[in-house]
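Please open the model in a viewer and keep the sequence panel visible. The tour below proceeds by selection, from the whole chain to single residues and then to a pocket.

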Amino acid sequence: MFEPLNEHFAKLSFNLEEPINALEAFIRGFVAYRYDNEELIHILQQEMMMQSPRLKMLSNAYYPSWVHLRAILEAGKSQGVFQFESIVYAVHFVMGVVIFSRQNPFLEPVFGDLPPAEDNAAQAAEHIIRLVLNGLHSS
């Protein structure tokens, strides 16, 4: 069931000589995959949030994307493009934003005073890219 996710992220490669472009490509790719495979991602989110005993069996589904992101962020930091104190927190925060990129109907009352926002992968990815790059103080 989770093999397509593993295969998708395991076969990706990013040019670490250009960490901003690599990060943008990572975010666009992850968000697009998340939107295209909504049910699969919901199951993975639930397993992770509940610290399910099945989580260890899902490591092949999780690890490739996290390893890619870590490499991109470390390359950006070593080149002076990204600034952060902890790679652990940086990876967790960025993954948190991309994993939970979908709008949640449950939270619509919080934003009831605003016009409805379109929920699509391309738009979400661009918002996330701006937010993450600002957070990393990229130059």
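A residue is called buried here when its relative accessible area is under 20%, exposed when that area is over 50%, and partly exposed in between. By this criterion, buried residues make up 39% of the 139 residues in the protein chain. The model is a predicted one.

**The whole chain**

Select the protein chain and display it as a cartoon. Six helices and zero strands are present, and the pattern read along the sequence is α-α-α-α-α-α. Switch next to a surface representation: the chain exposes about 8800 Å², of which carbon and sulfur atoms supply 59%. How much of the contact set joins residues at least 24 apart, among contacts between residues at least 6 apart in sequence? The share is 72%.

**Leu23**

Select Leu23, which is placed in helix α2. Is Leu23 buried or exposed? Its relative accessible area is 0%, so Leu23 is buried. Now show the residues that Leu23 touches, leaving aside those up to four places away in sequence: Leu69, Ile72, Leu73, Phe82, Val132, Leu133 and Leu136. For one of these, Val132, draw a distance between C-alpha atoms: Leu23 and Val132 are 109 residues apart along the chain, and their C-alpha atoms are separated by 9.2 Å.

**Asn21**

Move to Asn21, also a residue of helix α2. Asn21 has a relative accessibility of 42% and therefore counts as partly exposed. A C-alpha to C-alpha distance from Asn21 to Ile72 reads 9.6 Å, across 51 residues of sequence. Ile72 is also among the residues touched by Leu23.

**Phe14**

Select Phe14 in the loop between α1 (3–10) and α2. Apart from residues up to four places away in sequence, Phe14 touches Ala22, Ala25, Phe26, His68 and Ile72. Ile72 thus appears again, having been listed as a contact of Leu23. Phe14 and His68 lie 54 residues apart in sequence, with 7.8 Å between their C-alpha atoms.

**Arg34**

Return to helix α2 and select Arg34. Arg34 has 3% relative accessibility; because this is under 20%, the residue counts as buried. Which backbone oxygen lies 2.9 Å from a polar atom of the Arg34 side chain? That oxygen belongs to Ile99.

**The largest pocket**

Finally, display the largest pocket, whose volume is about 780 Å³. Its lining comprises 27 residues. To find the centre, select Arg102, Gln103, Asn104, Phe111 and Asp119, which lie nearest to it. Then colour α2 (19–36), α3 (38–49) and α6 (121–135), the elements that give two or more residues to the lining. Which element provides the largest share of the lining? Helix α6 does, with four residues. Colouring the lining by class shows 12 nonpolar, nine polar and six charged residues.

Helix α2 links several stops of this tour: Leu23 lies in this helix, as do Asn21 and Arg34, and α2 also contributes to the lining of the largest pocket.

Conventions
Residues are numbered from 1 along each chain as its sequence is written. This is a predicted model: local features need pLDDT of at least 70, side-chain atom pairs count only at pLDDT 80 or more; totals for chains, interfaces and linings use all residues. Side-chain values use heavy atoms; hydrogens and water are left out. On a 1 Å grid over the protein atoms alone, a cavity is a set of points where a 1.4 Å probe fits but cannot get out, and a pocket is an open set with protein on both sides within 12 Å along at least five of seven lines; lining residues have an atom within 4 Å of a point. Grid points are joined across faces, edges and corners, and a volume is the space filled by probe spheres set on the points. Ala, Val, Leu, Ile, Met, Phe, Trp, Tyr, Cys and Pro count as nonpolar, Asp, Glu, Lys and Arg as charged, and the others, Gly among them, as polar. Buried means under 20% relative accessible area, exposed over 50%, partly exposed in between (1.4 Å probe, protein chains only). Contact means heavy atoms within 4.5 Å. Accessible areas come from the Shrake-Rupley method with a 1.4 Å probe; for residues, only the protein chains shown count as cover. A polar contact is a pair of N or O atoms within 3.5 Å; within protein, one must be able to donate a hydrogen and the other to accept it, and residues adjacent in sequence count only if both atoms are side-chain atoms.
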